[in-house]
Amino acid sequence: MICQRCPSEAVIHLTEQSDGQRREIHLCLACARKAGLRLPENPPKLPLDEVLQSLIVAHVGELVGELAERSCPVCGIRFMEFRTGGRLGCPQDYQVFGAGLSPLLLRMHGATRHVGKAVARWNPAALQRLQLRSQLREAIAREDYELAARLRDQLRFKDNDA
Amino acid sequence: MTLDDLTRTSGEWLRGTGPESDIVMCSRIRLARNLADFPFTGRASRSEKAEIESHFTSCIAAAGLDLTYFEVNSLSPLDRQFLVERQVISRELSGGEGPRGVALSPQEKIAIMVNEEDHLRIQYMLSGFRLHEVWEEINQLDDRLEEHLAYAYSPSLGYLTACPTNVGTGIRVGVMLHLPGLVQTKQIDKVFRALQKINLAVRGLYGEGSQAFGDFYQISNQQTLGKSEPELIRILIDVVPQVLQYERSARQALVNERRQHLHDQVSRAYGVLKTAQTISSEETMLLLSSVRMGINLGLIDDLSIATVNELFIQTQPAFLQKIRGAELGVEERAVARASYLRSRLSNGRMASEP
């Protein structure tokens, strides 16, 4: 949807009802501010589907102890973050958070095991590359460019290998 | 293929052919896939997203697939909206950030979104009720992509996805149904409740959370884990004919009990669409829905279903602005929409054949 006053993407959608007339208003943030609409400074991030959220809370329950604190060694996401955001960080999370995810999968799908299509090739080097990438991200964040260069070379080598 | 070329053609899914196409607008399957050696899109860095994108574009070249790739960042907001209207990208992809895009096949049967919630969202769409055929096509396409990409997969959990609601098969099997009879006889909620009880989701024309309009509804599976793809497809293949039967009897009841009223409603709708000088998108959808049902009931005989199907998409804001080649405000669009409708309906033929 395009803003009604400029070519930007509309992010504010209003429906006005007056004298039995219905009018839709679609504005981008800048035009909405100009029009004097009072908006929160940082518009709240689109909340994850409420249903999913309630499922997560109901079936993972109040997090206590170890699971609450657990984070993925590969992508760094914490289980708490998944619990509020609803999205996992990397393929490895299914293993790292297995205990927390199982009841959720059972509730969502009525099952916890895959039946159906399987990949033709299984590439055991993928996890290693995923780990190298995570080390690379950390090296760049620390501005350790020497290590970053070495990790890039290793990744390139593995890419050619694969 | 450029985006401007697309304004002169329409997707195969609008063609109005295939089994049960009076009610089933199209059959669609999408597969969620991720590359094994990258974090999911939401957690990937800009450069990682660029790498995913380049892996994918090399893959389509290596696999010899006839797909054109569009980078979302190089598209104007209008072009993005245009692709959303055509059902080939999601609002999430349109409004996302970082390197991302969509690969389209001629006739838009295939649309593969890159760096949406999952690295790849592969979609295959055909007009009419043809889920078996869609599955065969998308399954082969998936195999060809997999020859060049290492998918994130676990033997116990299947294809691994960013959201656990898609894990396992990663499949969403859906049909888009035109249900004006059930809406008018106020039975639609009953049908939806029944579908939800057997774990099927009901959404509007533009997907998740969007309101149904033009009396179009998408029905799709929610479960993705613990049943095979053919089993999940089978559920839709078993259930959809029952919905079609309800819709047909609702239409029959309207014909039997309120024939004159119905004929009047359809004729007025057609008349307004053919003559209006300014018309909102909402009113257009409502009237096109009546006209579409009118054609199927034999009340209108000089207009094709394909034309009406196309008009549902081609009266949307971005399409109108693209064919006009200019940004239009709401009121200008209403005038452009009415003018476009008059030109398309005066002779009942395609605006232009590819």
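This report walks through the fold of chain A and its contact with chain B in a predicted model.

## Reading the model

Residues are numbered from 1 along each chain as its sequence is written, and chains are lettered from A in the order in which they are written. As the model is predicted, local features need pLDDT of at least 70 and side-chain atom pairs count only at pLDDT 80 or more, while totals for chains, interfaces and linings use all residues.

## The fold of chain A

Chain A holds eight helices and two strands; helices (H or I, at least four residues) and strands (E, at least two) are DSSP runs, numbered from the N terminus. Along the sequence, the order is β-β-α-α-α-α-α-α-α-α.

Of its 162 residues, 26% count as buried, meaning that 20 or more other C-beta atoms, placed from the backbone, lie within 10 Å of the residue's own.

## Domains

An automatic or database assignment divides chain A into domain 1 (1-39), domain 2 (49-114) and domain 3 (122-162). Domains 2 and 3 of chain A give four residues each to their contact, where two residues are in contact if their C-beta atoms, placed from the backbone, lie within 7 Å.

## Meeting chain B

Where chains A and B touch, 37 residues come from chain A and 42 residues from chain B. Helix 6 (98-109) and helix 7 (125-141) of chain A each bring at least two residues to chain A's side.

That side of chain A has 21 nonpolar, nine polar and seven charged residues. Here Ala, Val, Leu, Ile, Met, Phe, Trp, Tyr, Cys and Pro count as nonpolar, Asp, Glu, Lys and Arg as charged, and the others, Gly among them, as polar.

Definitions and conventions: A residue is buried if 20 or more other C-beta atoms lie within 10 Å of its own, exposed if 12 or fewer, and partly exposed in between; C-beta atoms are placed from the backbone.
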